[in-house]
Amino acid sequence: MTTRTIYLDNAAATPMRQEVKEAMEPFHQDIYGNPGSFNSVGHEALEHVDGARKTVARVLNCAERELIFTGGGTESINLAIKGVAFAKKKGHIITTTVEHHAVLNTCEWLEKHGFEATYLPVDKYGMVTPEQVRDAIRPDTILVSVMYANNEIGTIMPIQEIAKACKEKRVLFHTDACQAGCSQNLNVKELGIDMLTLNGSKIYGPKGVGLLYVRLGVQLEPLVHGGGQEGGKRGGTENVAGIVGFATALALSQQENGQENERLIRLRDHLAIGILQRVPKAVLNGHPTKRLPNNVNVSILDIEGEALTLLLNEHGICTSTGSACTSGSLEPSHVILATGLPYEFAHGSIRFTMGRDTTIDDIEKVIEVMPEAVKRLRAISPYNLKLDEYFSKEEQQAMVEQLVKVTSR
Amino acid sequence: MSPGLDILDVESTPMPHKTEPVMHADVKAKAESKSWFYTDIVKDHFFNPRNILINDADAEKQEFDGVGMVGSPACGDGMKMWIKVDKEQDRIVDCKWQTFGCASAIGSTSMLSVMVTENGGTTIQKALELKPMDIMNRLGGLPTRKFHCSVLGDKALRAAINDHFRRSGQNDRIIVEGARIIDPDLKITDKDIEEAILDGARTIEDVQHKLKVGVFNKSCLPAVEELIRFYTEKYFG
């Protein structure tokens, strides 16, 4: 008997949609021209790139020339932050302690090269407030970069209000929206943001293609110099198949997200409640409601996340952990630590991120398997920590009740 | 585009229609292997751990001769080891353990417990000579960044043996892990640097990132560099 793979790691990578695969197919062999070539073969490719750009511009409610296709989310983030830094030559950047390493390491690198950076702390849900951003802005602040939604704990930041605070102080605002591409509003005019990063591989599109929206008027130095592609902001022959695939994926996700969000939220809350009620000494990381529809992240005391991930994998359940043991640096999740929880919670954290293929049966299976897997690891663990020493009984109860209240609505 | 159109444009090369990927043996092995990062032996010891101690009441009942514990929940690894010693033969005859940690920590402790009890048990002398590398070899290897897991098991065993020496009045045999202070300002010892190396630090910059050693007191930097070389060669050379 083969066990069905229950893939709950969609925050890491999403499977490519059939429609995207089909849309990309012609560009592998039939439509191979260079969009920059002045001939019919090249022109055909250019038309498809232009078409994709139009599609994306419609979704984001922006002009086509405000879009830069890149090699992925990390590159887009680097271009946004370093691009502004190099254009301004010096100054101060504000970001948060819970950003993806693409943002954190870029800012740290800029600090080594004469720039200054402030990393705003977050509350217990992993959130920063617009007031915090406003207060941190200095006369020499050149950029604020705050993620739309957190990749580990799923917390959605108040980016519209943060954008407003930045606008009032005339500071540029970039948001890393890699995890928000499927489910959140990406209308850049409504949100009032200057730069926005997206990534193909998190929206059921291809890997190796990303997008940076840059509002007209924002000065940006390119990082990849070359033949003047992407308005001179990113040299290199366009990844035609990738760009077409990206646009197709983005349009479809945004089109469907009303119903799909509702479906995912039901699954999400069912899973979170199921785990909190059936696994002793487990807590939910992140915000009970202001979180991505597909994210559940819990910390479980006395056990280590990597070991749990491996046991779940035996049941065909694919998850990921913020434990130190799976990170190259041997440091546990900086996000969970930033929410104020001690190390033992970060080591015992596990993330489930659902997707289009996730069914209620999958979730039931996880809820069934989890208590047994945790019990097995606790049986060989020398520790028996007391959750009450970290969270009062009332807090523990409120955590579940909040979720139950939301779902019964 | 007409089928007979000549491609004179060097800007773009049509993709060849039939591509036979040429793969080196090791690339192929990597591509074909399942997503496990662990050897079958590590997996076996993780899924079927040997010699585990089920509960603390069990420990009291069984009257062990020594108990050792290293690590903490905060550092992500914790191990407790119980040993029984045949005092006439100075031989470890039973070894039980509990581990909080990842699969390689659990697998390493399990393997270590097998190694010290197999073939009628290991003399204490031999047990003290065991090196983390020996556990690793028996496991068929561990990913580099997991190496520190096998070190912890070894340390727990040493702590249990010391406890046995203490309980049986063999105080002269207790091995004190000597730590030498390298950075007097921050009280950083050679053991701290050893830990940093085992945690993946390889350069003075890595070590300083973890320990801040020599940031204020630069005179200790040559000694730090020497220790980095020493421990890197000892464990990874």
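In strand β5 of chain A, L143(A) is the bridge partner of I93(A). That pairing is a handy way into this predicted model, so to speak, and the notes below start from β5(A), then turn to the contact between chains A and B, the nonpolar cores and chain B itself.

**Strand β5 of chain A and its neighbours**

- β5(A) covers residues 141-145, and 5 of its 5 residues are buried, so the strand is largely enclosed by the rest of the structure.
- On one pairing, β5(A) runs parallel to strand β3 of chain A (residues 92-96), with 3 bridges between them; the I93(A) and L143(A) pair belongs here.
- β5(A) also pairs in the parallel sense with strand β6 of chain A (residues 172-176), again over 3 bridges.
- In β6(A), F173(A) is the bridge partner of V144(A).
- Helix α7 of chain A (residues 159-168) joins β5(A) and β6(A) in a β-α-β unit, and this unit is right-handed.

**Where chains A and B meet**

- Chain A brings 35 residues to the contact, and chain B brings 28 residues.
- On the chain B side, three elements each supply at least two residues: β2 (77-86), β3 (91-100) and α4 (103-117).
- By residue class, the side of chain B that touches chain A holds 15 nonpolar, 8 polar and 5 charged residues.

**Nonpolar cores**

- The largest nonpolar core has 87 residues, and the members that touch the most others in it are A307(A), L308(A), M81(B), I83(B) and I193(B).
- Helix α7 of chain B (residues 147-167) gives the most to this core, with 9 residues.
- Which residues does M81(B) touch, leaving aside those up to four places away in sequence? They are G68(B), C95(B), W97(B), A156(B), L157(B) and A160(B).
- A second core, separate from the largest one, has 83 residues, among them C182(A), I193(A), L212(A) and V335(A).

**Chain B as a whole**

- Chain B contains 10 helices and 6 strands.
- Of the 237 residues in chain B, 36% are buried.
- Taking contacts in chain B between residues at least 6 apart in sequence, 59% join residues at least 24 apart.

Methods. Residues are numbered from 1 along each chain as its sequence is written. Chains are lettered from A and ligands numbered from 1 in the order in which they are written. This is a predicted model: local features need pLDDT of at least 70, side-chain atom pairs count only at pLDDT 80 or more; totals for chains, interfaces and linings use all residues. Two residues are in contact if their C-beta atoms, placed from the backbone, lie within 7 Å. Helices (H or I, at least four residues) and strands (E, at least two) are DSSP runs, numbered from the N terminus. Ala, Val, Leu, Ile, Met, Phe, Trp, Tyr, Cys and Pro count as nonpolar, Asp, Glu, Lys and Arg as charged, and the others, Gly among them, as polar. A residue is buried if 20 or more other C-beta atoms lie within 10 Å of its own, exposed if 12 or fewer, and partly exposed in between; C-beta atoms are placed from the backbone. Two strands pair if DSSP finds at least two bridges between them. A crossover is right-handed if, with the strands pointing away from the viewer, the path from the first strand over the helix to the second runs clockwise. A nonpolar core is a set of buried Ala, Val, Leu, Ile, Met, Phe, Trp, Tyr and Cys residues joined through C-beta atoms within 7 Å.
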